[in-house]
Amino acid sequence: MEPVSSNFEIEVVNQPAALAPAMEQLSCWLDGRQVAPAAVYLAKLALEELVTNCIKFAYDDEAEHLIQLQIEITPGGMTLVVEDDGHPFNPLEQAEPDLDRPIEERPIGGLGLHLLRNLSDRMEYAWKGGRNRVTLHKKATA
Amino acid sequence: MDCSLVEMDDNVRLLRLAGDLDHSGVLAIEAKVLDHCGGPRPLVLIDLSETRFVSSRGIHLLLQAVRIVAEGGGCLLLLNPSASVGSALEISGLSSQGFRGSESDAVATLRRPRQGDVPS
């Protein structure tokens, strides 16, 4: 991890086309940091899964909304926060996918949050000021 | 995201996926990957050694590929994923499709008779 603190912040419009350029920007920023591969993976996964969920499910109107992603990397690890002003949605209350069923019979869905829960060291959710806030932590040694 | 196909001598299709298998990566290669998973008794190797990242969208594509191959009575293996991609596959319940080793060893595993096969 970085010898000193380093921060990244981006706002993504709730349009599917906004995801690829945001991912490109995040990847470029991560490439210039001393970040463990597992943390790089988690950061990209959070952008893809949480922002995609917001774009698909968080809004009923046709208005433009901004989804915020903030990353702080310190010598101790990485903290990543995603905030949106969509419907209240607690990812920690979502059911785990049934992975005991044969692959051919498994329902689609729920894998993104399952991956985030398992690849992070801690995942938190808060609803505050009319906004969803999901926080992921990854220790430097993990 | 790039997808290249190698038709191997022993009727095995080798698909090499290079780059990030995220939302846009899947859109770029989905049709090509699934096209090569069809037909009777397909034997498919998907080489993930150059795949840097797989999101749930990418996992769904791999699951679809496994299902199509299984419906045709064939077999599919995911070859040599990186540590990070391998972790994501394992967490997603796809570790049974994983294979680490050489292409020739993977082909031998694909061609091995499985339970339910009828001897010719």
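## Cysteines of chain B

C3(B) has a relative accessibility of 12% and therefore counts as buried. The structure described here is a predicted model. The sulfur of C3(B) lies 9.2 Å from the closest cysteine sulfur, which belongs to C37(B). A disulfide requires two cysteine sulfur atoms within 2.5 Å, so at 9.2 Å the sulfur of C3(B) is too far from that of C37(B) for a bond.

C75(B) is also buried, with a relative accessibility of 15%. For C75(B), the closest cysteine sulfur is again the one in C37(B). The separation is 12 Å, which is too far for a bond. Over all chains, the count of disulfides is 0.

## Overall form of chain B

Chain B contains 4 helices and 6 strands. Following the sequence, these elements come in the order β-β-α-β-β-α-β-α-β-α. The radius of gyration of chain B is 13 Å, and the globule rule gives 14 Å for 120 residues; because the two values are close, the chain is as compact as a globular protein of that length. Along its principal axes, the C-alpha trace of chain B spans about 45 × 25 × 25 Å.

## Burial, contacts and surface of chain B

How many of the 120 residues of chain B count as buried? The share is 50%. Both C3(B) and C75(B) count as buried.

Among contacts in chain B with a separation of 6 or more, 69% are between residues 24 or more positions apart. The accessible surface of the chain is about 5500 Å². Carbon and sulfur atoms account for 48% of this surface.

## Strand β3 of chain A

In chain A, strand β3 covers residues 77-84. Is this strand largely enclosed or largely open? Of its 8 residues, 7 are buried, so β3(A) is largely enclosed by the rest of the structure.

Strand β3(A) pairs with β2(A), which covers residues 66-74. The two strands run antiparallel and are joined by 7 bridges. In this pairing, Q68(A) has E83(A) in β3(A) as its bridge partner. The connection from β2(A) to β3(A) is a hairpin of 2 residues.

Strand β3(A) also pairs with β5(A), which covers residues 131-139. This pairing is antiparallel too, with 8 bridges. Here M78(A) stands opposite K138(A), a residue of β5(A). Strand β3(A) is thus bridged both to β2(A) and to β5(A).

Conventions: Residues are numbered from 1 along each chain as its sequence is written. Chains are lettered from A and ligands numbered from 1 in the order in which they are written. This is a predicted model: local features need pLDDT of at least 70, side-chain atom pairs count only at pLDDT 80 or more; totals for chains, interfaces and linings use all residues. Side-chain values use heavy atoms; hydrogens and water are left out. Buried means under 20% relative accessible area, exposed over 50%, partly exposed in between (1.4 Å probe, protein chains only). Two strands pair if DSSP finds at least two bridges between them. The radius of gyration is taken over C-alpha atoms; the globule rule is 2.2 Å times the number of residues to the power 0.38. Contact means heavy atoms within 4.5 Å. Accessible areas come from the Shrake-Rupley method with a 1.4 Å probe; for residues, only the protein chains shown count as cover.
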